[in-house]
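Hi,

Here is the structure I promised to pass on. Have a look at it first, and then read my notes below.

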Amino acid sequence: MSISRRGLAALAAIPLAAPAFAQGRGDPRVLRVKLFGDLRALDPFISPEYMARNHGYMVYDTLFALDSKMRPQPQMVESHTVSSDGLTWDFTLREGLRFHDGAPVTSEDVIASLRRWAIRDGHGAQMLAEGNRLDPVDARRFRLTLQRPWALVLDALAKPSGLPAFIMPARVAATPITTPITDPTGSGPYMLRREDWRLGDRTTYRRNPDYRPRAEAPDGLAGGKHARVETVEWVMLPDAATALNALQTGEIDIFEELPPDLFPVVQRNRNLRLAAQDSAGVQPIFRMNHAAAPFDNPKLRQAMRLLVDPSEMMPAYMTDPARWQDAKSFFPAASPFHTSEGWIAPNPDLARTAVQQSGYDGTPVVVLDAQDSTISSTFARVSADRMRRAGLNVDLQAMDWATLVTRRLSKNPVNQGGWSLFCSAPAAVDLMDPVSHIALRSAGARTALPGWPDDAEMERLRDAFAFAPTVEERRRIAAATQARALEVVPYMPIGMMSLVRGHTTRISGILEAAIPVYWNIAKTA
């Protein structure tokens, strides 16, 4: 929702109905967080949803993790070595790692987890391509043997988003990738309380008493993961006004993805603070469906390059100009491969002409409008307005985010329940290079996200990047990837921005990390 500026002062003073969890207000043992959505799936290797990823960081651990400077650091791994030819990688796990059920974490668990992860993940697929092998050496040691050197091994094992390489028990990892797992057993700092997991209400995690943090100080996602509160609750508060009131009265401690209209209210309250939600930001995107008309027409997709204008679209959501930018690139500014080479300046008049010349036949453009997601809904409505002005027949369909996530899996024509376009905001850490860039994957139904771009040249460039011997060669390939993306238009970036959280002054220890995590946070009464 969006709240008018005339209503901001009133919101700061009017008491609203208290949520049912208000009786726990101020309990220093419980951290309550209003997230952007609801946890609906537990399998972090199947669901691309960030809620599944965030759940994964609560209950699982990873072999490596990125520090605050985006460098891979050992996490579950104690040590590793690489042969001089770059083909043999040996890893040793830390002592004392245990799953929530008390079983030790072994190399068999790691191998089973990585094999399941690699079926869906682009990095994993390259790491375990035909001929490459993962083998146990003993209970704590395992070996990766490659057919040719691949410089992205640690990057793949430390990737923080998309599909992170979480480690689960081998018995759970044995679940076919076509079957979502339902057993949340991991070895991470918190454990999911299944009996308190209620869709549409809350998700509850309890401290893992057997977790052994690393000795190093927390640094980004790396270092010691200290569970400083006994319980973490994710609460569902779809209405922004209700959530704001809960933050002001201390019924929640953190309000993630705080709408910009509410920044002034938080700034005027001496008991509240604004803070960046992650260290790299997000990229709002205009995502088209290549599998159905009308955006199966590449000329119409190319017309959208002239239509998407960050200078007009970004302020519709992010009213603070210091918190957004026009990246003019598929790669975020934080990426070492960021380039604006070849970028096409928006021009609405030329866009209208390009639509006419594309052969567009008036097929409805079905835009999915997730009204419980302020970001998605705002950009969907702005996009719909711009497309109408360019001569497109737009059908803006209201729904909630959970329905959008299901609906976007359909490849049906728009008159049979299909769709044409949705807007979302993937994390910058999912877009850093041609291999990790989830929105540029162009292998159709095999690995591409909904929208299903299918382009052999884009996939060839992704593979070439992974095996390029020098940074200079990778930069050249990244520039070529951008040039190709401007031809096939798998999607269009709307801009870059920083997400913001509101939080109470009773909490401390929020980490500056690539994604929001909830360990290391302490709370006073």
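**Helix α2 and its surroundings**

The buried residues of α2 pack against four strands: β9 (166–167), β10 (190–192), β11 (202–207) and β12 (231–235). The helix itself covers residues 50–59, and 10 of its 10 residues are buried, so "mostly covered" is a fair label. Reading along α2, the buried residues are Y50, M51, A52, R53, N54, H55, G56, Y57, M58 and V59. Charged or not, then, R53 is on the buried list too.

**The chain as a whole**

Keep in mind that this is a predicted model. How confident was the predictor? The average pLDDT of the protein chain is 92, and 95% of the residues score at least 70. The stretch to be careful with is residues 1–23, where the pLDDT is below 50; in the model this stretch still has 43 contacts beyond near neighbours in sequence.

If you count up the secondary structure, you get 15 helices and 24 strands. The radius of gyration is 23 Å, close to the 24 Å that the globule rule gives for 525 residues, so the protein chain is as compact as a globular protein of that length. Along the principal axes, the C-alpha atoms fill a box of roughly 65 × 60 × 40 Å.

How much of the chain is buried? Of the 525 residues, 58% count as buried. What is left open to the outside adds up to about 20,300 Å², with carbon and sulfur atoms supplying 50% of that area. As for contacts between residues at least 6 apart in sequence, 72% of them join residues at least 24 apart.

On charge, the protein chain has 60 positive and 58 negative side chains, and the centres of the two sets lie 3 Å apart.

**T481, in helix α15**

Next, a residue to click on: T481, which lies in helix α15 (residues 471–488). Is T481 buried or exposed? Its relative accessible area is 2%, so T481 is buried. Leaving out residues up to four places away in sequence, T481 touches F331, P434, L440, M458 and L461. You can also check the spacing to E459: T481 and E459 are 22 residues apart in sequence, and their C-alpha atoms are 9.3 Å apart in space.

**Some backbone oddities**

Most residues other than glycine have a negative phi, and most peptide bonds are trans. Here are three places that go the other way.

- A293 and P294 are joined by a cis peptide bond, with omega at about 10 degrees. P294 sits in the loop between β15 (285–288) and α9 (298–307).
- V489 is not a glycine, yet has a positive phi of about 50 degrees. You will find V489 in the loop between α15 and β20 (492–493). With a relative accessible area of 0%, V489 is buried.
- N520 is not a glycine either, and has a positive phi of about 75 degrees. The loop that holds N520 runs between β23 (507–508) and β24 (522–523). The relative accessible area of N520 is 11%, and the cut-off for buried is under 20%, so N520 counts as buried.

That's what I have for now.

Cheers

How values were computed: Residues numbered from 1 in each chain as written. Predicted model: local features only at pLDDT ≥ 70, side-chain atom pairs only at ≥ 80, totals over all residues. Heavy atoms only, no water. Helix = DSSP H or I, 4+ residues; strand = E, 2+ residues; numbered from the N terminus. Rg over C-alpha atoms; globule rule 2.2 N^0.38 Å. Buried < 20%, exposed > 50% of the residue type's maximum accessible area, 1.4 Å probe, protein only. Contact = heavy atoms within 4.5 Å. Areas by Shrake-Rupley, 256 points an atom, 1.4 Å probe, with all protein chains shown as cover. Lys, Arg positive; Asp, Glu negative; His and termini not counted. Charge placed at Lys NZ, Arg CZ, Asp CG, Glu CD. pLDDT = per-residue confidence, 0-100.
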